[in-house]
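Here are some notes to read beside the structure. Please keep the sequence open while going through the points.

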Amino acid sequence: MAKQGQEPVQDLDGLTAAAKVAATAGKGLPPVHLWNPPFCGDLDMRIAADGTWYYMGTPIGRPALVRLFSTILKREEGKYFLVTPVEKVGIRVDDVPFLAVEMIKEPGEQGDCLRFRTNVDDWVVCDSAHPLRFEASAEGGLTPYLHVRADLWAKITRALYYDLVDIGEARMVDGREMFGVASAGAFFAMADAEEVRGAS
């Protein structure tokens, strides 16, 4: 909901135009971390748990538009916003904003490296700066997440989770044997190795 005295933002045209300007202003992603414009209310936009973006209850069917909005996404104090140099609007995110939909394993300077492609076609190298984390899911088992940038994460699809389990290994972490995944010289623990052996 918009703050008292503010009308909810309803029109995407101005936001889209500002996002396009921001996207073409320089190389790479827009520097949203440097922008602190006034809050202009909430937009009726939602990112569902499966990565689908909705506007006013209808899926946004244009991948290029979703990609554009994803470049100006920012998270502050647990809330999500679309930010341009001149305005900031709130949106809802059911879980996390991105989905990791593809994974490749390739050799790197620090050993094998995992690269993930998100549903908005960003490629992210899994390393100490972009770690994996594993959370207990309501259905049982674990749900893996990959850090994409700033405070934005991607949920890893169930199929890729099984691929991670297949390449997992046991290592000692702080005196405890843990099962996890190695990438780019870093190790990301999933669970206690004994528990994994007992469940298999």
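1. How much area does the chain expose, and what share of it do carbon and sulfur atoms supply? The exposed area is about 10,900 Å², and 52% of it comes from carbon and sulfur atoms. Please keep in mind that this is a predicted model.

2. On overall make-up, the chain has 15 strands and four helices. Its C-alpha atoms fill a box of roughly 55 × 35 × 30 Å along the principal axes. Of the 200 residues in the chain, 44% are buried.

3. On contacts, take those with a separation of 6 or more. Residues 24 or more positions apart account for 50% of these contacts in the chain.

4. On charge, the chain carries 29 negative and 21 positive charges. The mean position of the positive charges and that of the negative charges are 4 Å apart.

5. Next, look at the end of the strand list. Strand 14 covers residues 176-183, and strand 15 covers residues 186-192. The two run antiparallel and are joined by six bridges. One pair to find on screen is Val181 with its bridge partner in strand 15, Phe188.

6. Strands 14 and 15 form a hairpin with two residues between the strands. In this hairpin, Ala184 has a positive phi near 50°.

7. Is strand 15 mostly covered or mostly open? Strand 15 is mostly covered, with five of its seven residues buried. As background, side chains in a regular strand alternate between the two faces of the sheet.

Technical notes. Residues numbered from 1 in each chain as written. Predicted model: local features only at pLDDT ≥ 70, side-chain atom pairs only at ≥ 80, totals over all residues. Heavy atoms only, no water. Buried < 20%, exposed > 50% of the residue type's maximum accessible area, 1.4 Å probe, protein only. Contact = heavy atoms within 4.5 Å. Areas by Shrake-Rupley, 256 points an atom, 1.4 Å probe, with all protein chains shown as cover. Lys, Arg positive; Asp, Glu negative; His and termini not counted. Charge placed at Lys NZ, Arg CZ, Asp CG, Glu CD. Pairing = 2+ DSSP bridges.
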